[in-house]
Structures are given as structure tokens and as C-alpha cells.
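Reader: I should be grateful for a close look at a single part of this model, with the backbone described in its surroundings.

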Amino acid sequence: MLPVVALVGRPNVGKSTLFNVLTRTRDALVADQPGLTRDRHYGICRLGDSPFLVVDTGGLSGDDEGIDGLTAKQVELAIAEASIVVFMTDARAGLMALDRDILIDLRKRGKPLIVAVNKTDGLDETTSLADFAALGVATLVPLAASHGRGTDGLLEALEPHL
Ligand code: GDP
Ligand code: MG
């Protein structure tokens, strides 16, 4: 069984975009419309010669009812099998209440956790990271997934956990 990296976060932060960059496929459903990825979705990525699995998940909306409840179940399963969780956030939106709620939940799973701060394109990277430092997670990685930027730093942060 290959190590698994789970991409988790609010809808529309760029999880599917990052998945596509990491796996170099267009498989994941990338859309302007939030929350379209309802199922777990796997792809293979490489760190040097070592392959690992990336799992893209549907966004967590904080609503446990209906279809969002189903998505939350899928996310829970993805986290359960993950070696490490990449908690993805949106630098343009800034730190949101839902980010804090999701993090409280993630901490209960006891998995290694890093925060990827996406959409830093056109923003000051240091300022963007400082905003999310309030989450209290040791490793913050700046990304601009749609520009293919920051993935080297992300892979470096993942390496000790794979
Ligand atoms: P998901 O719901 O978390 O899977 O988010 P998506 O990957 O579907 O992306 C949501 C929207 O954000 C799309 O319009 C993407 O093009 C856009 N997006 C993703 N990454 C970036 C980025 O690094 N910078 C900017 N400006 N937009 C991004
Ligand atoms: Mg998606």
C-alpha cells in the first residue's frame, strides 16, 4: 500500500487544481462552482523515485446534512487512510471561521497535518502566511496551484511523512 496524502479544505480553495498539478492529469473535476467533487478521487504522484497517492476530496461546508453529509463521510474515510493531511486554505479569502472549525476536527484525527495557503499569486507571500499562522500549525506552505507554483516546497514538507 502506497502512502496517501489527503487534500482537505473548504470548497473552492483549489484542492482539485492542486491534485491536477501533482498528478499531472485533468481528471479531477475543477470548476468555479464550489463543491463539485463529491467522491474521493485518487492519483499517483512521485517524490524522487518514490510513488505516493494523492486523494482529492469534496469541500467541507460545515453542513452535516444531505449531500454535504455524504461528502463529509468521504473526507473522513480519506483522512482515516492518509499518512498526512494537507489542509488547504485560500489566501484571497483569508482565514475564515470554517477553516478554524475544520482544523478543530482534523486535530482530533491525530494525523500529521500541514497547511497549504493557496492563491498567493499577486499577494505578498509573507503577509498571506502570517494570516494563517493563527491556526497554530507548525508547517505552512505557500501555493499558487493554478500557476503550478509552490509544489516543490509542498513536496519537501510532505517528504518526512511518506
Ligand atoms: P476545490 O473546490 O477546492 O477543489 O477548488 P478548485 O480546484 O475547483 O478551484 C476553485 C477555483 O479556484 C477555480 O476557479 C480555480 O481556477 C481557482 N484556483 C485554484 N488555484 C488557484 C490559485 O492558485 N490562484 C488563483 N488565483 N485561483 C486559483
Ligand atoms: Mg474540487
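**The loop after strand 5**

Author: In this predicted model, Lys119 is found in the loop between strand 5 and helix 4 (125-133). Phi of Lys119 is near 65°, a positive value in a residue other than glycine. Most residues other than glycine have a negative phi. Lys119 counts as buried because 23 C-beta neighbours lie inside 10 Å, where 20 or more are required.

A second residue may be set beside Lys119. Asn12 has a positive phi of about 75° and is likewise not a glycine. Asn12 lies in the loop between strand 1 and helix 1 (15-23). With 17 C-beta neighbours inside 10 Å, however, Asn12 counts as partly exposed.

The strands that lead into these loops belong to an open sheet of six strands, ordered 2-3-1-4-5-6 with mixed pairing. Strand 2 (41-47) and strand 6 (140-142) stand at the edges with a single partner strand each, so one side of each is left without a neighbour in the sheet. From one strand to the next, the twist averages 30°. Edge strand 2 pairs with strand 3 (residues 50-56) in the antiparallel sense, over seven bridges, and Leu47 stands opposite Ser50 in strand 3.

Two helices lie across strand 5. Helix 3 (residues 97-109) lies across strand 1 (4-9), strand 4 (84-90) and strand 5 (113-118), and runs at about 175° to strand 4. Helix 5 (residues 151-158) lies across strand 5 as well as strand 1, strand 2, strand 4 and strand 6, running at about 160° to strand 6.

Terms used:
Residues are numbered from 1 along each chain as its sequence is written. Chains are lettered from A and ligands numbered from 1 in the order in which they are written. This is a predicted model: local features need pLDDT of at least 70, side-chain atom pairs count only at pLDDT 80 or more; totals for chains, interfaces and linings use all residues. Two strands pair if DSSP finds at least two bridges between them. Helices (H or I, at least four residues) and strands (E, at least two) are DSSP runs, numbered from the N terminus. Axes are lines fitted to C-alpha atoms, for helices over the stretch in contact, and angles run from 0 to 180 degrees between N-to-C directions. Two residues are in contact if their C-beta atoms, placed from the backbone, lie within 7 Å. A residue is buried if 20 or more other C-beta atoms lie within 10 Å of its own, exposed if 12 or fewer, and partly exposed in between; C-beta atoms are placed from the backbone.
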